[in-house]
Amino acid sequence: MKHMNERQKILETIAAKKGVYQQIALDIFHRPEVSNHEFFACKTLSTQLAKEGFLVRTDVAGHRTGFVASYKSARPGPVLVFLAEYDALAGLGHGCGHNLFGVTSALAAVALKQVVDETGGEVRVYGTPGEEGGENGSAKGSFVREGFLRDVDAALCVHPGSGPDRLTGPSLVCAPIDIEFFGKAAHASGNPEEGINVLDALILTYNGISALRQHLKKDIQIHGIVVNGGDAPNTVPDYASAKFYLRSRTVPQMEELWPKMEHIVEGAALMTGTKGRMQPCQNRVENMLPTPSFDEIYRQEMEKLGVEVTAPDARDGLGSTDCGNISQVVPTIQPSICICKEKVPGHSEAFKAASCSQEGLDSVPRGASALALTALRLLLEPDTLHVIQEEHARIVSEQQFL
């Protein structure tokens with residue numbers, strides 16, 4: 001009966017507060033902000049959580065638009081974190097649904113807070129900027145590096161998606177890099193012999209990468225663009241740059257790929273007499289490690305809410321998410337929750353429209369309910385949490401052999 005009372009309290013809290021959080025989702029949608037500039041979203045979510053009784057800190061883990069909101073029971077118990085994303089896509093806005101993502105996690109935490117004094121434990125929300133990358137992007141990597149996960153037992157979130165609700169799927173490692181070459185300017189016709197052409201070095205690098213692709217495993221991808229190739233045709237360019245994403249199935253594969261890329265840059269610099277440099281342009285995004293027993297608890301709770309959840313789509317593992325960084329150190333779920341029954345591509349105008357639709361807004365209380373009830377199971381069932389943690393530890397140790 002006590003278990004049922006706690007479940008009921010969570011569901012009643014979400015029903016009573018859902019309108020507030022749906023409005024916040026719309027407010028964030030209409031004020032899209034990219035990585036390291038999510039000032040409105042950060043302030044809005046953190047202020048709301050402070051009103052709900054959470055202890056809030058902003059400007060954390062080296063991210064001025066990151067925050068931590070926490071509520072700790074006087075009774076001992078697990079530390080559970082709800083991950084909140086709220087950044088938009090440059091030039092598109094909320095074409096990935098992060099206006100819904102952040103508020104869903106916040107509402108789930110608020111609901112769980114209503115029972116944690118009785119169950120014991122601690123509830124946190126980590127506001128993690130820049131999941132889409134960009135300036136100081138992929139903040140979850142910083143949260144891991146700065147120790148914010150050291151005392152955490154499990155992490156939870158749901159990501160907006162189209163089509164059926166799906167369980168957590170795999171993802172690829174992604175290492176965003178900047179490649180730069182430095183040379184010497186000269187008149188391209190009058191005295192080209194005095195110039196050192198960095199565009200030649202950049203083109204050699206691009207072609208070298210194209211040649212490398214032939215000899216890579218199918219689950220390794222490299223794609224990039226030229227950012228700066230010079231300013232005028234009649235001047236030998238003295239600075240050129242490109243941006244590439246390196247993706248792989250596992251971290252060990254990335255460690256093998258990295259020096260090969262460095263050798264290409266070094267070789268191009270040597271052939272052209274330029275100086276070359278390759279370096280990360282933001283946090284590396286690590287591969288997602290699903291923990292099936294954790295997802296099974298989520299699936300059970302969604303079914304109790306009357307929602308069928310399917311296996312991940314085959315293409316779900318082709319992208320990258322910095323939720324993977326969290327999953328490398330603690331058991332983590334990031335299922336996909338339907339905001340549009342029609343299958344539409346992410347990062348599109350159609351997905352953006354779904355992110356402010358009624359169907360999208362309805363996903364907030366549904367997702368918050370499933371997350372909060374899943375977290376409740378971990379608070380009330382120590383053996384279940386132990387099984388999940390053991391399975392996660394085994395998956396982490398086995399990935400080096402993939």
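Biologist: Where does Lys343 lie?
Modeller: In this predicted model, Lys343 is in the loop that joins strand E16 (336-340) to helix H9 (349-354).

Biologist: And which residues does Lys343 touch, leaving out those up to four places away in sequence?
Modeller: Lys343 touches Ser162, Gly163 and Arg166.

Biologist: How far apart are the C-alpha atoms of Lys343 and Gly163?
Modeller: They are separated by 4.9 Å, although the two residues are 180 residues apart along the chain.

Biologist: Different topic, the open sheet. What is the order of its strands?
Modeller: The order is E1-E2-E4-E3-E5-E15, so to speak from one edge to the other. The sheet has 6 strands, and the pairing is mixed.

Biologist: Why is one side of E1 and of E15 left without a neighbour in the sheet?
Modeller: Strand E1 (55-60) and strand E15 (332-333) stand at the edges and each has a single partner strand, so one side of each has no neighbour in the sheet.

Biologist: Start with E1. In which sense do E1 and E2 pair, parallel or antiparallel?
Modeller: Antiparallel, over 5 bridges, with strand E2 covering residues 63-72. One of the bridge partners is Ala69 in E2, which is matched with Val56.

Biologist: What about the hairpin of E1 and E2, how many residues are between the strands?
Modeller: There are 2 residues between them, and Ala61 in this hairpin takes a positive phi near 55°.

Biologist: Now the other edge. In which sense do E5 and E15 pair?
Modeller: Strand E5 (residues 154-156) and E15 pair in the parallel sense, over 2 bridges. Leu156 has Ile333 in E15 as its bridge partner.

Biologist: What holds such pairs together in general?
Modeller: Strands of a sheet pair through backbone hydrogen bonds, in either the parallel or the antiparallel sense.

Biologist: Which strands does helix H10 lie across?
Modeller: Helix H10 (residues 358-380) lies across strand E3 (79-84), E5 and E15, and runs at about 160° to E3.

Biologist: On to pockets. What volume does the largest pocket have?
Modeller: About 1200 Å³. The lining of this pocket has 49 residues, and Cys96, His159, Gly319, Ser320 and His347 are the ones nearest its centre.

Biologist: Which strand gives the largest share of that lining?
Modeller: E6 does, with 4 residues. Strand E6 (159-162), strand E8 (173-182), strand E10 (221-228) and strand E12 (239-248) each supply at least two residues of the lining.

Biologist: And how many of the lining residues are nonpolar, polar or charged?
Modeller: By class, 18 are nonpolar, 21 are polar and 10 are charged.

Conventions. Residues numbered from 1 in each chain as written. Predicted model: local features only at pLDDT ≥ 70, side-chain atom pairs only at ≥ 80, totals over all residues. Heavy atoms only, no water. Pairing = 2+ DSSP bridges. Contact = heavy atoms within 4.5 Å. Axes fitted to C-alpha atoms, helices over the stretch in contact; angles between N-to-C directions. 1 Å grid on protein atoms, 1.4 Å probe; cavity = no way out; pocket = protein on both sides within 12 Å on 5 of 7 lines; lining within 4 Å. Points joined across faces, edges and corners; volume = space filled by probe spheres on them. Nonpolar A, V, L, I, M, F, W, Y, C, P; charged D, E, K, R; others polar.
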